[in-house]
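Visitor: Before we begin, I should like to hear how the terms applied to this model are justified.
Guide: Please take the sequence and the structure together, and ask about each term in turn.

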Amino acid sequence: MAKSKKKKKIGLALGGGGARGLAHIGVLKVLEEHGIKPDYMSGVSMGAVIGAFYTTGSDLKKIEEEAVGLTKTKAIKKLLDLNNPKKSILKGKKAYKYIKNWIGESTFGDTKVPFRIIATDLTNGEEVVLKRGSLADAVRASISVPGIFPPVKISNRYLVDGGVLNSTPVSVLERMGADIIIGVDLIIKRKVEMENPSMMATLIQSYEVMRSYGTKVNIEKINKNAIVIKPKLRGTIDSFKFYDIDKFIKSGEKAAEEAMPEIKKKLEV
């Protein structure tokens, strides 16, 4: 009697990219439509936000409706709270409250699949893989872009955006045991249009240039069974444009559909 094929474990890494990370909603929609469910997930920055919502059971349709309904005025009201500029541009309290409204007091133990959130230790530059305790606290640390949000203290470590070291955390999934790895990347080789850039635009783009190199190195290290989905987004500084979201979601849908033949081929081998 022929042995049945062992089911391949699928890992899904949702990368950082600010508002562009809402493309993850489109990717998840397409994966669900094709019956592909990840066995492991990892997330960084906006990928940590969407991953936390998704793995704690939030309906994708509800997430999409909320995202698409964000106007510029609503985004400012819900997410922006100016801080003392000596500390950071934003306090981050509104963003934290927004996250808590979605996932409440959920912990990593409450997720429907094993989920990891990536942050960076500000004091020693080490990557920190968060897998225990409060999901909301972990997400807050992972989205804390240096200078934009203040560092978050967890277990006596000051943590900032995981994208500083690993913007598309595929390597974590390999360590978790995934056979097939799908990474959603929003950073590598992304040329933007600039004319007389402001201080903020210069800071954001410089940060993304640095992140792009680290992300490329991390992706090149993983095994041959990895598929990288790269939503095509317009070439502007749009990391903090949390409005007019539909274009980001559609870009995720299109990129996921384009990658689907490769994903299915890997699953069949």
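Visitor: Which residue of E6 stands opposite Thr120?
Guide: In this predicted model, Thr120 stands opposite Val160 in E6.

Visitor: What makes strand E3 and strand E6 a pair?
Guide: Pairing requires at least two bridges. Strand E3 (residues 115-121) and strand E6 (residues 157-161) have 3 bridges, in the antiparallel sense, so they meet the definition of a pair.

Visitor: What makes E5 and E6 a pair?
Guide: Strand E5 (residues 152-154) and E6 are joined antiparallel over 3 bridges, against the required at least two. Val152 has Leu159 in E6 as its bridge partner. The hairpin of E5 and E6 has 2 residues between the strands, and Ser155 there takes a positive phi near 50 degrees.

Visitor: How do you know that H5 and H6 are in contact?
Guide: Contact means heavy atoms within 4.5 Å. By that criterion Lys93, Tyr96, Ile99, Lys100 and Ile103 in H5 meet Leu135, Ala136, Asp137, Val139 and Arg140 in H6. The residues of this contact comprise 6 nonpolar, no polar and 4 charged. The axes of H5 (residues 93-103) and H6 (residues 135-142) come within 10 Å and cross at roughly 140 degrees, and the crossing is right-handed.

Visitor: Why are the buried residues of H5 said to lie on the same side?
Guide: The buried residues, with under 20% relative accessible area, are Ala95, Tyr96, Tyr98, Ile99, Trp102 and Ile103. They cover an arc of only 160 degrees around the axis, and are therefore on the same side of H5. The face turned away from that buried side carries the exposed residues Lys93, Lys97 and Asn101.

Technical notes. Residues are numbered from 1 along each chain as its sequence is written. This is a predicted model: local features need pLDDT of at least 70, side-chain atom pairs count only at pLDDT 80 or more; totals for chains, interfaces and linings use all residues. Side-chain values use heavy atoms; hydrogens and water are left out. Axes are lines fitted to C-alpha atoms, for helices over the stretch in contact, and angles run from 0 to 180 degrees between N-to-C directions. Helices (H or I, at least four residues) and strands (E, at least two) are DSSP runs, numbered from the N terminus. A crossing is left-handed if the near helix is turned anticlockwise from the far one by less than a right angle, and right-handed if clockwise. Ala, Val, Leu, Ile, Met, Phe, Trp, Tyr, Cys and Pro count as nonpolar, Asp, Glu, Lys and Arg as charged, and the others, Gly among them, as polar. Buried means under 20% relative accessible area, exposed over 50%, partly exposed in between (1.4 Å probe, protein chains only). The arc is that of the directions from the helix axis to the C-beta atoms.
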